[in-house]
Amino acid sequence: MNVVLVHGAWHGAWAWDGVVAELEARGVGVEAVELPFTGFGDDAAAAAAAIDRAGPDAVVCGHSYGGLVISAAARGLPVSRLVYLCALMSDEDEKPFAAMTSHRTALRDAMIDVDGRSGIDPDHARAAFYADADDDVVAAILPRLRTIPGRGAPPIDGTDPAWRHVPSTYVVCTRDQALHPDAQRHMARHATEVVEWDADHSPFLTRPGLLADLLTGG
C-alpha cells in the first residue's frame, strides 16, 4: 500500500516527519505533500499529483485545512480510504470554514496579518496547536511556520467531495484548541467511521506510531 499525507494551514510537509518514519519502518510507501499556499486550486493540484503518483488504492490523510484539500484532490482517483485528522470535512452546500468560527478556540488569538497574508503569532502557537509537545519540539517548529492566503483568496472548490465515493475515517481530537472537538464531531457525521483520541491539534508530532497504525490498519 501507499500513503499520501497532506498537511494543514501554516505548516509544511515536515510536519509529517515522524509519521513518515513510522510508515517507512513498516515498509509502507509514503509521500508527504508540500502545499504551495498560492491558492486552493494549486494546493489541490499538488495533492492530486501525489495521489496519482501513489497509484491505485492509496490511503490519503489530510490534517486540518488538508481535509478540504483531499476532498477535492481525490475526486475521481482510485483511492482506498480517506482519513480526516481533526480536519475540515464539508459538503458542497456548507461553508468550509464555518466550523473554525463556530466555537471559540485559541487559534483565534493566534492568527495575525502578515503583509496581507495570514500568519501565526509564535507566542500563541503552542496553545493553539502543540499543547502536548515538548518545549524543544515547539521551539524548532515556530521558525518553520508559513503564511497562507488571507482575505480575498480564491474560493474553495467543494463540489462533489471525494468522501461521497470513498470510505473515510474521521479522527476527532478531544483537546483540540484550533478546531473545536464539537465542530469536528459535527463534520464527522459525513465519515464512514469515527474515532476519538485524547490529543491536541497535532497528534502527528506526539503520536506518530498511533497514526501510522490507523493508516495501515495495524
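## A tour from the enclosed strand β3 outwards

Select strand β3 first: five of its five residues are buried, so the strand is largely enclosed by the rest of the structure. Keep in mind throughout that this is a predicted model. With the side chains of β3 (residues 59-63) shown, you will find both faces covered, with V59, C61 and H63 buried on one side and V60 and G62 buried on the other.

**The neighbours of β3**

Add strand β1 (residues 2-6), which runs parallel to β3 and is joined to it by four bridges. Two pairs are worth labelling here: V4 has V60 as its bridge partner in β3, and V6 stands opposite G62. Four of the five residues of β1 are buried, so β1 too is largely enclosed by the rest of the structure.

Next add β4 (81-85), which pairs with β3 in the parallel sense over five bridges; within this pairing, V83 of β4 is the bridge partner of C61.

**The whole parallel sheet**

Now widen the selection to the six strands of this open sheet, which follow the order β2-β1-β3-β4-β8-β9 with parallel pairing. β2 and β9 (193-197) stand at the edges and each has a single partner strand, so one side of each is left without a neighbour in the sheet. If you look along the sheet, the twist averages 15 degrees from one strand to the next.

**The edge at β2**

Go to strand β2 (residues 29-33), where E31 is found. Five bridges join β2 to β1, and the two strands run parallel; A32 in β2 is the bridge partner of L5. Is E31 buried, exposed or partly exposed? With a relative accessible area of 27%, E31 is partly exposed. Leaving aside residues up to four places away in sequence, E31 touches V3, V4, L5, A50 and R53, and its side chain makes a polar contact of 2.6 Å with that of R53.

**The helix across the sheet**

From E31, draw a distance to A212: the two C-alpha atoms are 13 Å apart in space, although the residues are 181 apart in sequence. A212 is one of the buried residues of helix α10 (residues 208-216), together with P208, G209, L211, L214 and L215. Show the helix against the sheet and you will see that α10 lies across β1, β3, β4, β8 (168-173) and β9, running at about 155 degrees to β4. Just after the helix comes G217, whose phi is positive, near 75 degrees.

**The nonpolar core**

In soluble globular proteins, nonpolar side chains tend to be buried together. Here, select L5, W16, L82, L85, Y170, L211 and L215, the residues that touch the most other members of the largest nonpolar core, which has 75 residues. Helix α2 (residues 40-54) gives the most to this core, with six residues.

Centre the view on Y170, whose contacts beyond four places in sequence include Y84, C86, M89, L179, M187 and V195. Then move to S168, also in strand β8, which is buried with a relative accessible area of 2%. Among the residues that S168 touches are R81, L82, W163, H190 and E193, again not counting residues up to four places away in sequence.

**The cysteines**

How many disulfides does the structure hold? There are zero. Return to C61 in β3, which is in no disulfide, the nearest cysteine sulfur being that of C86, 8.9 Å away; C61 is buried, with a relative accessible area of 0%. Select C86 as well, which counts as buried at 0% relative accessibility. Why is there no bond from C86 to C173? The sulfur of C173 is the closest cysteine sulfur to that of C86, but at 3.8 Å it is too far for a bond.

**The second sheet**

Finish at the other open sheet, where three strands lie in the order β5-β6-β7 with antiparallel pairing. β5 (111-114) and β7 (148-149) stand at the edges with a single partner strand each, so one side of each is left without a neighbour in the sheet. Strand β6 (residues 117-120) is joined to β7 by two bridges and runs antiparallel to it, and a last pair to label is R117 with P149 of β7, which stands opposite.

Definitions and conventions. Residues numbered from 1 in each chain as written. Predicted model: local features only at pLDDT ≥ 70, side-chain atom pairs only at ≥ 80, totals over all residues. Heavy atoms only, no water. Pairing = 2+ DSSP bridges. Buried < 20%, exposed > 50% of the residue type's maximum accessible area, 1.4 Å probe, protein only. Contact = heavy atoms within 4.5 Å. Polar contact = N/O pair within 3.5 Å; in protein donor to acceptor, adjacent residues only side chain to side chain. Axes fitted to C-alpha atoms, helices over the stretch in contact; angles between N-to-C directions. Core = buried A, V, L, I, M, F, W, Y, C linked by side-chain atoms within 4.5 Å. Disulfide = S-S within 2.5 Å.
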